[in-house]
Amino acid sequence: MTTATLAHSVVEPSGKSKGIAGTIIVIYAVLSMIPLVWIFLTAFKSPPDSIAYPPKVIFSPTMDGACNLFNTISRQTPEYIASLPPPTSICDKVARARNMVVAGPSNFIPRFVNSLVIAFGSTALSVLLGVMAAYAFSRFRVPGKDDLLFFILSTRMMPPIAVAIPVYLMYRWLGLSDTRLGMILLYTAVNVSLSVWLLKGFIDEIPREYEEAALVDGYTRLQAFRKVVLPQAATGIVATAIFCLIFAWNEYAFAVLLTSGQAQTTPPFIPFIIGEGGQDWPAVAAATALFLVPILVFTVLLRKNLLRGITFGAVRK
Amino acid sequence: MSENTVPLTIVEHAVRATPEAVARRVRGLSDRAIAWLFISPTILLLLAINIFPLAWTIRLSFTNFRANRPNAKILGLGIANYVSVLTDPDVWAAMQSTAHFLFWTILLQTLIGFSLAWLVDRRFRGHGFWTTVILVPMMLSPAVVGNFWTFLYQPQIGLWNYAVQFLTGVPAASFSMIGSVKLAPWAIVVVDTWMWTPYVMLICLAGLRSIPGYIYEAAEVDRASRWRQFWTITLPMALPFIMLAVLFRGIENFKMFDMVNLLTNGGPGSTTEVASITLKREAFEKWRTGYSSAFAIILFVTVFGLANIYVKALNRVKSR
């Protein structure tokens with residue numbers, strides 16, 4: 001950043017051009033946020049409000065979306081509802097106001113848990129493999145290094161559907177179809193390329209002198225790796241882990257083709273949240289909002305390393 | 001980390017127990033051993049989950065195998081599958097949809113992304129915060145967001161149609177972005193552009209910031225106009241970065257599946273059926289495994305060629 005500030009110091013843009021640029025950028029940012037804001041607003045609307053025309057910006061917030069998301073509900077006759085004991089939860093109350101009763105928990109929580117387990121599992125594995133390979137590529141003379149690195153990167157370029165056909169057959173054969181382990185291994189294989197490339201960049205930046213001093217002091221290579229390199233690379237490891245986490249969290253193509261129940265993650269589940277007569281938009285919006293919040297947090301945490309992450313570590317700063 | 005500690009301590013003990021002269025040799029040797037020890041798990045995983053399946057796909061692409069009939073007799077067909085993929089009008093229609101999608105998304109994203117980067121580079125007050133805001137869409141799940149856009153595109157009640165009516169007077173109920181043959185290809189272009197323009201912006205911004213200030217100073221001394229400075233300094237020097245962004249978006253959008261699958265599922269008819277959607281239909285709906293394997297290999301070779309160029313571009317940017 002410091003060089004960037006210096007770079008234009010002499011030809012600093014005028015106050016007027018800064019003002020115009022700022023205005024356009026703010027307008028673009030606000031416009032591009034509208035779909036997201038709409039997701040969060042819809043999550044708190046009642047079903048009739050969510051499909052009102054003209055679209056409602058001001059409405060009285062309800063828990064309908066969240067209740068329909070976490071529960072399966074069914075329609076009952078008013079007589080039957082009147083015969084029930086008084087409602088015990090907010091969702092009971094919300095459902096009964098619409099002549100519905102809560103029949104039980106929905107599949108959303110198991111799917112969300114699958115997303116968490118698979119995302120964190122594959123992230124841990126890809127960062128572990130990545131940091132080892134990255135260290136070796138960064139510090140040792142490996143024959144055919146460039147070819148190996150290209151090979152590793154090229155695996156990420158494969159179209160997921162093209163890979164899915166044989167993986168589907170292979171997993172069926174190995175008994176890994178629709179299992180969390182299968183998905184963790186698959187996402188690790190996709191993420192390890194990013195992990196190796198990013199971490200190699202971070203480790204390249206750690207001066208070799210630190211390790212050499214440690215080796216002179218009688219550390220073995222492995223000790224130097226563990227006690228000198230790993231702590232120095234901590235920021236890079238965290239940034240890499242967040243990138244892997246985001247990919248695994250967001251992934252859809254493999255999930256929709258290779259999982260159906262047991263190991264299904266949230267993205268293929270959300271489109272099938274249906275209410276009476278089509279998609280239950282407040283519930284879909286509530287699920288989408290819950291699903292997106294972690295990503296929003298991570299984006300803010302990552303903002304300094306975003307550029308690095310999306311270019312496989314090639315562009316720094 | 002815990003998997004690491006056990007072999008680590010064994011190695012440590014071994015090193016401590018060996019006499020100095022041997023230890024030096026072991027240490028010298030062990031660098032190489034460590035290198036392979038550290039790299040091989042990654043390579044093995046990729047061989048198992050990427051290369052082995054790829055080899056399997058290649059083998060299947062020469063047969064009439066169908067995954068839903070595992071016990072049927074498998075016949076070798078030679079290159080017949082490849083011939084039928086390349087002569088299939090449906091495949092060419094899919095390629096045309098992909099080309100339309102690629103051309104317009106890349107054009108719009110590059111133009112808007114570069115302009116935004118150029119504006120952000122004015123460094124007005126609060127540019128850091130607003131840049132982060134702009135970047136948010138590209139971090140989101142294309143599938144989940146694509147699904148929500150079907151709501152924004154609803155003809156009667158959707159926010160998009162309402163906005164169009166508000167701005168142009170065209171009645172909101174009179175058109176359907178997803179349902180109409182004419183508009184659906186644009187519906188996916190709009191969502192992709194919304195999501196990925198920030199990506200192009202971010203890379204272009206890095207390009208603009210990599211231009212050293214003294215070049216502009218020299219241009220000022222020579223009294224070159226701002227317009228001339230833009231065409232002779234800014235654009236050429238940022239070009240490798242723009243190319244990098246274009247290539248990466250090209251590869252990603254050539255493979256596009258998730259957002260389109262949920263937004264239009266290739267419809268109406270097959271107007272937005274991009275290559276990956278056709279492949280999904282052939283492989284997982286019609287179960288023509290041999291045929292779709294051949295199609296997958298053709299797509300893969302194309303992407304692999306693009307990836308090759310991409311890595312060259314990466315290295316060129318890196319040397320800056």
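**A note on the predicted two-chain model**

1. Chain A is built from 17 helices and 4 strands. The radius of gyration of chain A is 25 Å, well over the 20 Å that the globule rule gives for 317 residues, and chain A is therefore more spread out than a compact globule. Along the principal axes, the C-alpha atoms of chain A fill a box of roughly 85 × 65 × 40 Å. Please keep in mind throughout that this is a predicted model.

2. On burial and contacts in chain A, 48% of its 317 residues count as buried. If one takes the contacts in chain A with a separation of 6 or more, 76% of them are between residues 24 or more positions apart.

3. Chain B should be read alongside this, and it has 13 helices and 0 strands, so that its pattern along the sequence is simply α-α-α-α-α-α-α-α-α-α-α-α-α. Its radius of gyration is 26 Å, which is well over the 20 Å given by the globule rule for 320 residues, so chain B is more spread out than a compact globule. The C-alpha trace of chain B spans about 85 × 75 × 35 Å along its principal axes. Of the 320 residues of chain B, 40% are counted as buried, and among its contacts between residues at least 6 apart in sequence, 71% join residues at least 24 apart.

4. How far can the model of chain A be trusted, in terms of pLDDT? The mean pLDDT of chain A is 86, and 95% of its residues reach 70 or more. Among the elements of chain A, helix α1 (residues 2-7) has the lowest mean pLDDT, at 43, whereas helix α7 (residues 108-139) has the highest, at 93. Over residues 1-10 of chain A the pLDDT is below 50, although this stretch has 12 contacts in the model beyond near neighbours in sequence. Where pLDDT is low, the predicted coordinates should not be read in detail.

5. For chain B the average pLDDT is 85, and 90% of the residues score at least 70. Confidence in chain B is lowest in helix α1 (residues 2-17), with a mean of 52, and highest in helix α4 (residues 89-120), at 94. Over residues 1-6 of chain B the pLDDT stays under 50, and for these residues the model has 0 contacts beyond four places in sequence. For the model, the scores are ipTM 0.85 and pTM 0.86.

6. The domain assignment of chain A gives domain 1 (60-106) and domain 2 (109-310), and the C-alpha centres of these two domains of chain A lie 40 Å apart. The contact between them takes 7 residues from domain 1 of chain A and 9 residues from domain 2 of chain A. On the side of domain 1 that touches domain 2, the largest share, 6 residues, comes from helix α4 (residues 64-70) of chain A. By class, that side of domain 1 of chain A has 4 nonpolar, 2 polar and 1 charged residues.

7. Chain B is likewise divided, into domain 1 (2-60) and domain 2 (81-318), and 40 Å separate the centres of these two domains of chain B, taken over C-alpha atoms.

8. Which residues make up the contact between the chains? It takes 89 residues from chain A and 82 residues from chain B. Helix α2 (residues 15-43) of chain A gives the most to the side of chain A that touches chain B, with 16 residues. The residues on that side of chain A divide into 69 nonpolar, 15 polar and 5 charged.

9. The largest nonpolar core has 174 residues, of which B:L202, B:I203 and B:C204 touch the most other members. Helix α8 (residues 184-209) of chain B gives the most to this core, with 17 residues. Not counting residues up to four places away in sequence, B:I203 touches A:T311 and A:V315 as well as B:F241, B:L244 and B:A245.

10. Finally, B:A296 is found in helix α13 (residues 289-318) of chain B. Is B:A296 buried or exposed? With 30 other C-beta atoms within 10 Å, B:A296 is buried, since 20 or more such atoms are needed for a residue to be buried. Leaving aside neighbours within four places in sequence, B:A296 is in contact with A:A162, A:I165, B:T57 and B:L279. B:A296 and B:I112 are 184 residues apart in sequence and, C-alpha to C-alpha, 33 Å apart in space.

Conventions
Residues numbered from 1 in each chain as written. Chains lettered and ligands numbered in written order. Predicted model: local features only at pLDDT ≥ 70, side-chain atom pairs only at ≥ 80, totals over all residues. pLDDT = per-residue confidence, 0-100. Helix = DSSP H or I, 4+ residues; strand = E, 2+ residues; numbered from the N terminus. Contact = placed C-beta atoms within 7 Å. Domains from an automatic or database assignment. Rg over C-alpha atoms; globule rule 2.2 N^0.38 Å. Buried ≥ 20, exposed ≤ 12 C-beta atoms within 10 Å, placed from the backbone. Nonpolar A, V, L, I, M, F, W, Y, C, P; charged D, E, K, R; others polar. Core = buried A, V, L, I, M, F, W, Y, C linked by C-beta atoms within 7 Å.
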